[in-house]
Amino acid sequence: IRTQIYGAKLFPEKTGELKIDPLHLSATIMNERSGDPFGSFGFRRDAKVKTLSSEEVKILVQPLPETGRDSSFTGLIGRHEFNLQVNSTRLIVNEPLEVKLTVVGGGALENMEAPVVFKHESLEEFESNGDLKIMSADQATKVFDYTFLPKANLKIPASTLRLTYFDPDTLKYVPVELPIEELTVAGGVLKNKEAKPVEAEVQKN
């Protein structure tokens, strides 16, 4: 009877020939005493400890190709799904802008950093964090939550968030483009209007 009692997924952090050390396991085995008439009923058993060991595993890690690699590469290997959600594209000044980026796949998501979604001098990134949930060795989900705070009137044109993963089957970088709608913020003080002095007449009696 074979039963899996331990499983792990390893991600190489450098190229070249690497090795995985043997896994050692100690188990207690109950043996029935030979010639014992009560052995079949579970009485008078001898216990002994048996140690098992796997073989050393050697792997060859190839470097990632430079061709096709750009700043949008997430560091993820294998197919991944991306989803971007923006709570609103029309806001007023000091109204929080909530953005959520969800990444699903089997890569090293714990090493993936939050990509830049919005960048504007009047849009302050108030908070961003990533929450990782591992379902199995081949499936995990990481959710990046962003909070922005607009400080003035602004308009950011529609754009796309480009994220890339590497496909080991085709040996190519696969880009994914997530559309971002135009963002408009209103309700602030217009800086291009100057205050005019108030003229007053003083009458002398």
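# A Guided Tour of an All-Strand Chain

Begin by selecting Asp167 and Lys172: Asp167 stands opposite Lys172, a residue of β13. The model on display is a predicted one, and the tour moves outward from this pair of residues.

**Stop 1: the hairpin of β12 and β13**

Extend the selection to residues 172-180, which make up strand β13; β12 and β13 are joined by nine bridges and run antiparallel. The two strands form a hairpin with four residues between them. Within that hairpin, select Leu171, which takes a positive phi near 60 degrees. Leu171 has this positive value although it is not a glycine. Is Leu171 buried or exposed? With a relative accessible area of 57%, Leu171 is exposed, and its place is the loop between β12 and β13.

**Stop 2: from β12 to β5**

Now select β12 in full, residues 159-167, together with β5. These two strands run parallel and are joined by two bridges. To find a point where they meet, display Ile77 and Phe166: Phe166, in β12, is the bridge partner of Ile77. Keep Ile77 selected, as this residue returns at the next stop.

**Stop 3: the largest pocket**

Which residues lie nearest the centre of the largest pocket? They are Pro12, Val61, Leu64, Gly75 and Ile77, and the complete lining consists of 23 residues. The volume of this pocket is about 600 Å³. Select strand β5, residues 73-77, to see the element that provides the largest share of the lining, namely four residues. Colouring the lining by residue character shows twelve nonpolar residues, seven polar ones and four charged ones.

**Stop 4: the four-stranded sheet**

Next, select β6, β8, β10 and β9, in that order. These four strands form an open sheet with antiparallel pairing. β6 (80-86) and β9 (123-136) each have a single partner strand and stand at the edges, so one side of each is left without a neighbour in the sheet. Neighbouring strands here are turned by 15 degrees against each other on average, direction ignored.

Within this sheet, isolate β8 (residues 97-105) and β10 (residues 139-150), which pair in the antiparallel sense over nine bridges. Which residue of β10 is the bridge partner of Leu101? That partner is Phe144. When following the side chains along these strands, one general rule is helpful: in a regular strand, side chains alternate between the two faces of the sheet.

**Stop 5: Lys151 and Ser122**

Continue from β10 into the loop between β10 and β11 (154-156), where Lys151 is found. Then select Ser122, in the loop between β8 and β9. A distance drawn between their C-alpha atoms gives 5.2 Å, although the two residues are 29 residues apart in sequence.

The two residues may also be viewed by accessibility. Lys151 is partly exposed, with a relative accessible area of 46%. Ser122, by contrast, has a relative accessible area of 13% and is therefore buried, the cut-off for buried being under 20%.

Display the surroundings of each residue in turn, leaving aside neighbours within four places in sequence. Lys151 is in contact with Val93, Asn94, Ser122 and Glu124. Ser122 touches Leu149, Pro150, Lys151, Ala152 and Leu154.

**Stop 6: Asn94**

One of the contacts of Lys151 is Asn94, which merits a selection of its own. Asn94 lies in the loop between β7 and β8. Its phi is near 70 degrees, a positive value in a residue other than glycine. At 48% relative accessibility, Asn94 counts as partly exposed.

**Stop 7: the three-stranded sheet**

From Asn94, move to β7 and add β14 and β11. Together they form an open sheet of three strands in the order β7-β14-β11, with mixed pairing. The edge strands are β7 (90-92) and β11, each of which pairs on one side only. Select residues 183-186 to show β14, which pairs with β7 in the parallel sense over three bridges. Ile92 has Ala186 of β14 as its bridge partner.

**Last stop: the whole chain**

Finally, clear the selection and view the protein chain in full. How many helices and strands does the protein chain have? There are zero helices and 14 strands. Of its 205 residues, 27% count as buried. Among contacts with a separation of 6 or more, 64% are accounted for by residues 24 or more positions apart.

Note on methods
Residues are numbered from 1 along each chain as its sequence is written. This is a predicted model: local features need pLDDT of at least 70, side-chain atom pairs count only at pLDDT 80 or more; totals for chains, interfaces and linings use all residues. Side-chain values use heavy atoms; hydrogens and water are left out. Two strands pair if DSSP finds at least two bridges between them. Axes are lines fitted to C-alpha atoms, for helices over the stretch in contact, and angles run from 0 to 180 degrees between N-to-C directions. On a 1 Å grid over the protein atoms alone, a cavity is a set of points where a 1.4 Å probe fits but cannot get out, and a pocket is an open set with protein on both sides within 12 Å along at least five of seven lines; lining residues have an atom within 4 Å of a point. Grid points are joined across faces, edges and corners, and a volume is the space filled by probe spheres set on the points. Ala, Val, Leu, Ile, Met, Phe, Trp, Tyr, Cys and Pro count as nonpolar, Asp, Glu, Lys and Arg as charged, and the others, Gly among them, as polar. Buried means under 20% relative accessible area, exposed over 50%, partly exposed in between (1.4 Å probe, protein chains only). Contact means heavy atoms within 4.5 Å.
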